[in-house]
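This report walks through one protein chain, from a patch on its surface to the residues packed inside. Please keep the structure open while reading.

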Amino acid sequence: METSGSAGPSTPVNGRQSGDYDSKRKRKIADITQALSSSPVDVAALRRMAIKTVDRENNKDYNQVLLDVQRSLRRFPPGMPDEQREGLQEELIDIILRVLKRNPQLHYYQGYHDIVVTFLLVVGEQRATALVEKLSTHHLRDFMDPTMDNTKHILNYLMPIIDRVNPEVHDFMQQSEVGTVFALSWLITWFGHVLSDFRHVVRLYDFFLACHPLMPIYFAAVIVLYREEEVLDCECDMAMVHHLLSQIPQDLPYETLISQAGDLFVQFPPSELAKEAASHDSMATTTFKDFELASTQRPDSVLRRRRRQKAGTVESPAPSAVTAVAQPSAARRFMRLAVMGLTVALGAAALTLVNTALEWAPKLDLFP
């Protein structure tokens, strides 16, 4: 029997040749034994295993996926046994290639594996495949075009959001010509690639799953705004500002920032920023009309404040630009931002993430 994967015994996932070959061979034997022991025999699973190597070799993205998975060691829990990690890496490759094969309109991008591995670690291969496939045709759709045009347009929302809240930070960043590339890896991996604590990653994934596809860019904006003092104290130089912003702090007040990102979305919905961001109607994010409808129902406090502004009333300055944003009640915010993402975008399958996260994670020693 052959091992799964075109790498074979001479090209192991983690650089160890004979050990990796034996590990994959044992795993495939176990999978075959399980399929044979099923009642009735799982012929479909046997057929998939018999042709898996060929499938991988014929997939145009296989080599790039393999390289990215090889570099994904830090995404697995510290202390995880090598054999278990290697098995998960094989499953990670399978999920990615399976989704791409079923959806030829999707194009793999570097960073996609960072999202897939998060679902794999939390819900396992079968559920992760269903979730990732749905997610790839909805929230992640614009990242999976043949070009990065739509991804660039999504990044274009960052500066208008910052400008609405803190024009001083916006103008400083514009003057430095830093651009928005520093936030690219945040956006396309849902921060999975840049955060070291898995608890923070899955917390953000819960948030993003329940919200509009553009919510990650709002969260990126509140991170920049939270670091207002650092940004303004930095030398106004492209390289210096880029270096500062690209080094994302690991001790962020995540719950506070999540709440602020939700408030910013309600106060400054994508429909208001689309012109500045030069958004394209073809973007998949523009199809989420339910979120747009919800976001137009702004809190009364925001409407009253805008009326005062139009009447020429000057409000007292607040100590923090981020906290100065009108704060809708928790109940209203949850009604607008939660649930809809699960029911409209991902459907019932997404509920498995919530229902099984705490059940699976302790088995992998993901939480202390």
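## Surface, helices and core

Leucine 36 has its place in helix α1, which covers residues 17-37. In this predicted model, Leu36 joins Val41 and Val43 in a nonpolar patch on the surface, and the three together have about 250 Å² of accessible area. Between serine 39 and proline 40 there is a cis peptide bond, with omega at about 0°, and proline 40 sits in the loop between α1 and α2 (43-58).

The chain as a whole has 20 helices and zero strands. Of its 368 residues, 51% are buried, while the area that the chain exposes comes to about 17500 Å², of which carbon and sulfur atoms supply 54%. When contacts between residues at least 6 apart in sequence are considered, 77% of them join residues at least 24 apart.

Helix α4 (residues 82-102) allows a check of its length: with 1.5 Å a residue, its 21 residues should span 30 Å, and the C-alpha atoms at its ends are 30 Å apart, so the two values agree. This helix is mostly covered, since 15 of its 21 residues are buried. Isoleucine 93 is found in α4, and it counts as buried because its relative accessible area of 0% is under the 20% limit for that class. Setting aside residues up to four places away in sequence, isoleucine 93 touches Arg56, Tyr62, Val65, Leu66 and Val69. For valine 69, which is 24 residues from isoleucine 93 along the chain, the separation of the two C-alpha atoms is 7.2 Å.

Leucine 131 belongs to helix α5 (residues 112-136) and is likewise buried, with a relative accessible area of 2%. Its C-alpha atom is separated by 7.8 Å from that of phenylalanine 119, a residue twelve places away along the chain.

The largest nonpolar core has 90 residues, and those with the most contacts inside it are Tyr112, Met173, Phe191, Ile217, Tyr218 and Phe219. To this core α5 gives the most, with 13 residues. For phenylalanine 219, the residues touched, again leaving out those up to four places away in sequence, are Phe191, Leu204, Phe207, Phe208, Tyr254, Leu257, Ile258 and Ala261.

What is the sign of phi at phenylalanine 191? Phi there is positive, near 70°, although the residue is one other than glycine. Tryptophan 190 also has a positive phi, of about 55°, and is not a glycine either. Tryptophan 190 lies in the loop between α9 (184-188) and α10 (198-209), and phenylalanine 191 is placed in the loop between α9 and α10 as well. Tryptophan 190 is buried, at 1% relative accessible area, and phenylalanine 191 counts as buried at 0% relative accessibility.

The table below gathers relative accessible areas for the buried residues discussed above.

| Residue | Relative accessible area |
|---|---|
| Isoleucine 93 | 0% |
| Leucine 131 | 2% |
| Tryptophan 190 | 1% |
| Phenylalanine 191 | 0% |

Terms used. Residues numbered from 1 in each chain as written. Predicted model: local features only at pLDDT ≥ 70, side-chain atom pairs only at ≥ 80, totals over all residues. Heavy atoms only, no water. Patch = residues over 30% accessible without salt bridge, like charges linked within 9 Å, V, L, I, M, F, W, Y side chains within 5 Å. Areas by Shrake-Rupley, 256 points an atom, 1.4 Å probe, with all protein chains shown as cover. Salt bridge = Lys/Arg side-chain N within 4 Å of Asp/Glu carboxyl O. Helix = DSSP H or I, 4+ residues; strand = E, 2+ residues; numbered from the N terminus. Expected span 1.5 Å × (residues − 1). Buried < 20%, exposed > 50% of the residue type's maximum accessible area, 1.4 Å probe, protein only. Contact = heavy atoms within 4.5 Å. Core = buried A, V, L, I, M, F, W, Y, C linked by side-chain atoms within 4.5 Å.
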